[in-house]
Amino acid sequence: MIVATGHLIRNAAGRQDLHLVVDGDLMDRTLTYSSSRQWEDASVHWTGAADAGAHTVHLQSPQANVWGCQDQWGDLDVLVLP
């Protein structure tokens, strides 16, 4: 069982999407919208079964250069339960 929660800030006007991807599959998505360029926070979450072995979990977005602030202001927490 995997429990994954991520959040990240963005700074842009309009709609901006954040995706939680597990082993190449989109598991959760959220969108933010603002009428002007401003900081917004977004969160994604997924809990599900996974086979034994290595897995990849990451955050991504279809919009480039919008999310995060260098190496701060976001995180991805992954809990693996037997």
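Leucine 79 is partly exposed, with a relative accessible area of 45%. The structure is a predicted model. Leucine 79 lies in strand E4 and joins Met1 and Leu81 in a nonpolar surface patch of about 260 Å². Elsewhere, the largest nonpolar core has 13 residues, and strand E1 gives the most to this core, with 7 residues.

**Surface patch**

- The nonpolar patch on the surface, about 260 Å² in area, is made by Met1, Leu79 and Leu81.
- Leucine 79 counts as partly exposed because its relative accessible area, 45%, falls between the limits of 20% for buried and 50% for exposed.
- Strand E4, which holds leucine 79, spans residues 74-80.

**Nonpolar core**

- In soluble globular proteins, nonpolar side chains tend to be buried together.
- Here the largest nonpolar core has 13 residues, and those with the most contacts inside it are Ala4, Leu18, Leu20, Trp46, Val57 and Trp67.
- The elements that give two or more residues to this core are E1 and E2.
- E1 makes the largest contribution to the core, at 7 residues.
- Valine 57, one of the core residues with the most contacts, touches Ala4, Leu20, Val21, Val22, Leu76 and Val78, leaving aside its neighbours within four places in sequence.
- Two of these partners, Ala4 and Leu20, are also named among the core residues with the most contacts.

**Histidine 19**

- Histidine 19 is in strand E1, which covers residues 2-22.
- Histidine 19 has a relative accessibility of 12%, so it counts as buried, the cut-off being under 20%.
- Not counting residues up to four places away in sequence, histidine 19 is in contact with Leu26, Asp28, Arg29, His58, Leu59, Gln60 and Pro62.

**Loop residues with positive phi**

- Aspartate 23 is not a glycine, yet has a positive phi of about 50°.
- Aspartate 23 sits in the loop between E1 and strand E2, the latter being residues 25-48.
- At 38% relative accessibility, aspartate 23 is partly exposed.
- Asparagine 65, also not a glycine, has a positive phi of about 60°.
- The loop that holds asparagine 65 runs between strand E3 (57-60) and strand E4 (74-80).
- Asparagine 65 has a relative accessibility of 82%, so it counts as exposed, for which the cut-off is over 50%.

How values were computed
Residues numbered from 1 in each chain as written. Predicted model: local features only at pLDDT ≥ 70, side-chain atom pairs only at ≥ 80, totals over all residues. Heavy atoms only, no water. Helix = DSSP H or I, 4+ residues; strand = E, 2+ residues; numbered from the N terminus. Buried < 20%, exposed > 50% of the residue type's maximum accessible area, 1.4 Å probe, protein only. Contact = heavy atoms within 4.5 Å. Patch = residues over 30% accessible without salt bridge, like charges linked within 9 Å, V, L, I, M, F, W, Y side chains within 5 Å. Areas by Shrake-Rupley, 256 points an atom, 1.4 Å probe, with all protein chains shown as cover. Salt bridge = Lys/Arg side-chain N within 4 Å of Asp/Glu carboxyl O. Core = buried A, V, L, I, M, F, W, Y, C linked by side-chain atoms within 4.5 Å.
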